[in-house]
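Me: Please take a close look at one part of this model, the nonpolar patch on the surface, and then go on to whatever else can be said about the local features.

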Amino acid sequence: MRIELENLEGGKGDFAHVYQPDDLNPVDERISLIGPATVSGKVRLAGNEVFVNGHVETGAQVECDRCLQPVETPVNTDFALEYMTGSEYESGGTAELTEAEMSVSVFDGEAIDVDEIVKEQIVLAVPTRMLCREDCKGICPECGADRNRGDCNCTTSDIDPRWAALKNLI
């Protein structure tokens, strides 16, 4: 979905869209949607800047960082973005970025791509570290068995030679 800026009445507009999982999957290499993603918001044009405020809601699936089992997590996030054209950004000419400039995105000056906004907001809303449960035992480094389903018979007494000297400190 694209918001064409020339079609905004009075420099303002509302948008809303429901994406099916196939429309955006894969969101990135570790996140996939498990249900529809709903986005709604407002666009305001002020000179050469565009302000986009909105809300994204969906469900996502990622792998547990220890055992690689799928974990579902809700995504419910608000966003406030600021855009300016590349030429306007370059004309600012400051050598050092301020905190306010860090939140500015550059666009072509004609349209805002809502699909990319939704994907970006989902990635930002999903935790970078995800566990299926707090006491997840992970997978065995020797045989790859899921230790949550049962213990394997592998021995993990091998000590990394770089750490072996620490064993003598006890």
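Reply: In this predicted model, Ile159, Trp163, Leu166 and Leu169 form a nonpolar patch on the surface, and together they have about 470 Å² of accessible area. One of these residues, leucine 166, sits in helix α5, which covers residues 164-167. Its relative accessible area is 44%. Buried would require a value under 20% and exposed a value over 50%, so leucine 166 counts as partly exposed.

Helix α4 can be described further. The helix runs over residues 114-125, twelve residues in all, and at 1.5 Å a residue it should span 16 Å. Its end C-alpha atoms are 16 Å apart, which agrees with that expectation. Seen down the axis of α4, the buried residues fall within an arc of 130°, so they line one face of the helix. These buried residues are Val114, Ile117, Val118, Gln121 and Ile122. In general, an α-helix has 3.6 residues a turn, so residues three or four places apart point the same way. At the N-terminal end, aspartate 113 caps α4, with a side-chain oxygen 3.1 Å from the backbone nitrogen of aspartate 115.

A last local feature is leucine 68, in the loop between β5 (49-63) and β6 (70-85). The phi of leucine 68 is near 70°, a positive value in a residue other than glycine. Most residues other than glycine have a negative phi. Leucine 68 has 47% relative accessibility and therefore counts as partly exposed.

Methods:
Residues numbered from 1 in each chain as written. Predicted model: local features only at pLDDT ≥ 70, side-chain atom pairs only at ≥ 80, totals over all residues. Heavy atoms only, no water. Helix = DSSP H or I, 4+ residues; strand = E, 2+ residues; numbered from the N terminus. Buried < 20%, exposed > 50% of the residue type's maximum accessible area, 1.4 Å probe, protein only. Expected span 1.5 Å × (residues − 1). Arc of directions from axis to C-beta. Polar contact = N/O pair within 3.5 Å; in protein donor to acceptor, adjacent residues only side chain to side chain. Patch = residues over 30% accessible without salt bridge, like charges linked within 9 Å, V, L, I, M, F, W, Y side chains within 5 Å. Areas by Shrake-Rupley, 256 points an atom, 1.4 Å probe, with all protein chains shown as cover. Salt bridge = Lys/Arg side-chain N within 4 Å of Asp/Glu carboxyl O.
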